[in-house]
Amino acid sequence: MVCTDMNAGYMAMIKYIFPNATVIIDRFHIIQALNNSLNNLRIHIMKRFNTVLKDDTKDEIKEKEQIYKQFKAYWKLLLKREDEVLKDAYYTTQMLYDAFDVRNYKGFFDIINSNRDTIAEEFSATFKTFINNKSYIENSLRYNLSNGPIEGIINKVKNIKRTGYGYRNFFSLKARALIVFNLGYSNTDRNVKELIDYDNLAA
C-alpha cells in the first residue's frame, strides 16, 4: 500500500515505481481540499462587499464594510447574513463531512455527483479531482493508513533548517536532524549511549 495526496506528479510516479501497489489518498488531504474550496468561495463572495459603486449611498457603503469585516474576521463561523451560493456550498460540504466521517464511500460520491452541476465554481476543480481519484479515495475510507507521521517529520526538518538559518552542507543538516530525532546515538545499549562517528558516515 502507498499513501499519498492527490498531486498528479506523485500519482504518476507511484504508478510507475509501484505498479501493483494499492494507492490510498490520505484522508487529511481530502478534507483539506474541501476546506480550501469553501474558503476560496468565502473570499470570492467577501470581495464583492469590498467594491464601492458610484450609486452607493453612505449607508450602503457602511453596510458593505461591516459585511466585509464579518466575512474576514469570522470565517470559521456560520455567518448570520448568508449568501445563497455560500449556504448551498456550506451544507453540501457538511454532508460530505458526514459521509466521510462514517466512511460511506458511496454516499460521499453520490453527494458529489448530485451537486457537481450546481455547486459553486470554486468547488468544480476539487470535485473533478475527487472523481479522477475515486478508487483511491475509496481505499482511504476502507483502510486506516495515513502519511501524517511522515509529514510531521518533514515539518520538523523544515523547522530545523529554518531555525539554523540554513546549513553550509547537507551533512550538517542531516547530523542536526539525527540529533533532534534522538538518532545520533547507538540504541544497542540504553545505559551507555555512544555517539555515532559522523566523519565515518560522511565517508
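**Overall fold, the H2–H3 pair and Ser114**

Of the 203 residues in the protein, buried ones make up 31%. The model is a predicted one, and its secondary structure comes to 10 helices and 2 strands. Going along the sequence, the elements run β-α-β-α-α-α-α-α-α-α-α-α, so to speak a helix sits between the two strands and the remaining helices follow. As for contacts between residues at least 6 apart in sequence, 56% of them link residues at least 24 apart.

Next up is a pair of helices. H2 covers residues 27-48 and H3 covers residues 58-73. The two pack with their axes 9 Å apart, at an angle of about 165 degrees. Angles over 145 degrees count as roughly antiparallel, and H2 and H3 are therefore roughly antiparallel to each other. Their crossing is left-handed. On the H2 side, the residues that meet H3 are Arg42, Ile45 and Met46; on the H3 side, Tyr68, Phe71 and Lys72 take part. Sorted by character, the residues of this contact are 4 nonpolar and 2 charged, with no polar ones.

Then there is Ser114, which sits in helix H5 (residues 105-115). Ser114 has a relative accessibility of 53% and therefore counts as exposed, the cut-off for exposed being over 50%. The Ser114 side chain makes a polar contact with the side chain of Asn115, at 3.1 Å. Thr92 lies 22 residues away from Ser114 in sequence, and in space the two are 10.0 Å apart, C-alpha to C-alpha.

Notes. Residues numbered from 1 in each chain as written. Predicted model: local features only at pLDDT ≥ 70, side-chain atom pairs only at ≥ 80, totals over all residues. Heavy atoms only, no water. Axes fitted to C-alpha atoms, helices over the stretch in contact; angles between N-to-C directions. Helix = DSSP H or I, 4+ residues; strand = E, 2+ residues; numbered from the N terminus. Parallel < 35°, antiparallel > 145°, perpendicular 65-115°, else oblique. Left-handed = near helix turned anticlockwise from the far one by under 90°. Contact = heavy atoms within 4.5 Å. Nonpolar A, V, L, I, M, F, W, Y, C, P; charged D, E, K, R; others polar. Buried < 20%, exposed > 50% of the residue type's maximum accessible area, 1.4 Å probe, protein only. Polar contact = N/O pair within 3.5 Å; in protein donor to acceptor, adjacent residues only side chain to side chain.
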